[in-house]
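Grab a coffee and open the viewer: here is a short set of exercises to work through with the fold on screen. Try each task yourself before you read the solution.

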Amino acid sequence: MADTSLIAGYDAVLSDLDGVVYAGPHAIAGAVEALQRLEGAGVQLAYVTNNASRSSETVAAHLRELGAPATAETVFGSAQAGAELLAAQVPAGATVLVTGSAWLTEQVREQGLVPVHSADDRPDAVIQGFDPGLGWKDLAEAAFAVERGAVWVATNTDMSIPQARGIAPGNGTLVAAVAAATGRTPLVAGKPEAPLFLTAARHLGSETPLVVGDRLDTDILGGNNAGFATALVFTGVDTPHTALAARTAERPTYLLADLDALYVPYPDVEARDGGYVCGTSTARVSGETLEISGDSSNLDSWRAACAAWWNARPDEESPAAPVLSWTVTPGG
């Protein structure tokens, strides 16, 4: 009997971490077990993260502590993607001012490039990644080199990072400081740009990866930018409401309750009688109103709703939410 599960159509999963595998220090219920099943299904697994300060082995060790299958070779961070992106822009042996962690410096060396520490070294390029020890002098050195015309790559542009005491400035704020000083814009390797996802797929030898994440603006946008299928899981940041309102570039291929949904068939969503049907749920657009017949706790209702609204609004550059009109059907 043919395998009709969703995951049977893909040769790899490129998974986000926070909000998909774990939330804070704890694994999300069922996530580890779902990831463990991938090998038996003949599907490769890689983790993609914008973190550029922790080594792949450090991330993998944390995942193994939670019970998830992971090695350093299956963790792809923006430091590695950034170094590979940079190596494609400059010749072997080029000098690079590294504004970031020791891990980022190591990744630069692995690409056959030569790290330097001052703009006075006239570096060919600058690569900028997060490190909590960075200060004004480091950003100034980067700005001096960028202003002189050095190739500039940012590992990622996350504007904030969660810390135990609250939300702190992320690499994006540091990159923005150099951009403001120089009037230039860097190439970006991490989410939501494509290079991080392309790097992971290339190393796996994957031709049909599925990107799984909990955020529309990073995971789903990045996977879409890479040209891959995307699945939004509702175990983290985004919700059915935010998915419905998503701008076109951030709309996922699939809506999943959790990672367990990879192992069951994905329900058909069909156009019918001027609306869309998924399971026992239907949705139809009337002006600014989205009329939904179904149970709001049933994900099929949201799948039908997204299909109807997205079809009616195919080219949205900003989030746009309809007025919802629910008709709850018994057992829907």
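The exercises below go through the sheets, the helices, the pockets and the cavities of this predicted model.

**Exercise 1. The six-stranded sheet**

Task: Work out the strand order of the open sheet of six strands, and say which strands stand at its edges.

Solution:
- Start with the order. Reading across, you get β5-β4-β1-β13-β14-β15, and the pairing is parallel.
- Now look at the ends. β5 and β15 (254-256) each have a single partner strand, so one side of each has no neighbour in the sheet.
- Check the twist next: ignoring direction, neighbouring strands here are turned by 25° against each other on average.
- Zoom in on one pair. β1 (residues 12-15) and β4 (residues 44-49) run parallel and are joined by four bridges. For serine 15, the bridge partner in β4 is tyrosine 47.
- Finish with a helix. α7 (residues 195-204) lies across β1, β4, β5 and β13 (209-213), and it runs at about 155° to β4.

**Exercise 2. The five-stranded sheet**

Task: Do the strand order and the edges again for the open sheet of five strands, then find helices that pack on it.

Solution:
- The order is β7-β6-β8-β9-β12, with parallel pairing.
- β7 (114-116) and β12 (187-188) are the edge strands; each has a single partner, so one side of each is left without a neighbour in the sheet.
- For a pair to inspect, take β6 (residues 95-99) and β8 (residues 125-128): they run parallel, with four bridges between them. Threonine 99 sits opposite glutamine 128 in β8.
- Now add the helices. α4 lies across β6, β7 and β8, at about 160° to β6. Helix α5 (residues 136-147) also packs on the sheet, where it touches β6, β8 and β9 (151-154), and its direction makes about 145° with that of β6.

**Exercise 3. Two helices that meet**

Task: Describe how α3 and α4 pack: how do their axes cross, and which residues meet?

Solution:
- You need two values here, as two packed helices are described by the angle between their axes and the distance between the axes.
- The axes of α3 (residues 78-87) and α4 (residues 102-110) come within 9 Å and cross at roughly 35°.
- Then the handedness: α3 passes α4 in a right-handed crossing.
- List who touches whom. From α3 come Ala79, Gln80 and Ala83, and they meet Trp103, Leu104, Gln107 and Val108 in α4.
- Sort those by class and you find five nonpolar, two polar and no charged residues in the contact.

**Exercise 4. Pockets**

Task: For each of the two largest pockets, give the volume, the residues closest to the centre and the element that supplies the most lining.

Solution:
- The largest pocket holds about 1000 Å³ of space. It has 31 lining residues, and Asp18, Asp158, Ser160, Ile161 and Pro162 are the closest to its centre.
- β10 (160-163) and α8 (216-225) each supply at least two lining residues, and β10 gives the most, with four.
- By class, this lining splits into 10 nonpolar, 12 polar and nine charged residues.
- On to the second largest pocket, with a volume of about 210 Å³. Of its 13 lining residues, Ser56, Ala72, Glu73, Gln80 and Gln107 are the closest to the centre.
- α2 (56-66), β5 (75-77), α3 and α4 each put in at least two residues; the largest share, three residues, comes from α4.
- The class split in this second largest pocket is four nonpolar, five polar and four charged.

**Exercise 5. Cavities**

Task: How many cavities of 30 Å³ or more are there, and what lines them?

Solution:
- The count comes to two.
- The largest has about 40 Å³ of space. Its lining is Thr49, Asn51, Arg54, Ser55, Ser56, Val59, Val75, Gly77, Gln80 and Trp103. α2 and β5 are the elements that give two or more residues.
- That lining has three nonpolar, six polar and one charged residues.
- The second largest cavity has a volume of about 30 Å³ and is lined by Val20, Ile28, Ala29, Gly30, Ala31, Thr235, Asp258, Leu259 and Asp260.
- Its classes are five nonpolar, two polar and two charged.
- Last step, link it up: Gln80 lines the largest cavity and also belongs to the α3 side of the contact with α4.

Key:
Residues are numbered from 1 along each chain as its sequence is written. This is a predicted model: local features need pLDDT of at least 70, side-chain atom pairs count only at pLDDT 80 or more; totals for chains, interfaces and linings use all residues. Side-chain values use heavy atoms; hydrogens and water are left out. Axes are lines fitted to C-alpha atoms, for helices over the stretch in contact, and angles run from 0 to 180 degrees between N-to-C directions. A crossing is left-handed if the near helix is turned anticlockwise from the far one by less than a right angle, and right-handed if clockwise. Contact means heavy atoms within 4.5 Å. Ala, Val, Leu, Ile, Met, Phe, Trp, Tyr, Cys and Pro count as nonpolar, Asp, Glu, Lys and Arg as charged, and the others, Gly among them, as polar. On a 1 Å grid over the protein atoms alone, a cavity is a set of points where a 1.4 Å probe fits but cannot get out, and a pocket is an open set with protein on both sides within 12 Å along at least five of seven lines; lining residues have an atom within 4 Å of a point. Grid points are joined across faces, edges and corners, and a volume is the space filled by probe spheres set on the points. Two strands pair if DSSP finds at least two bridges between them.
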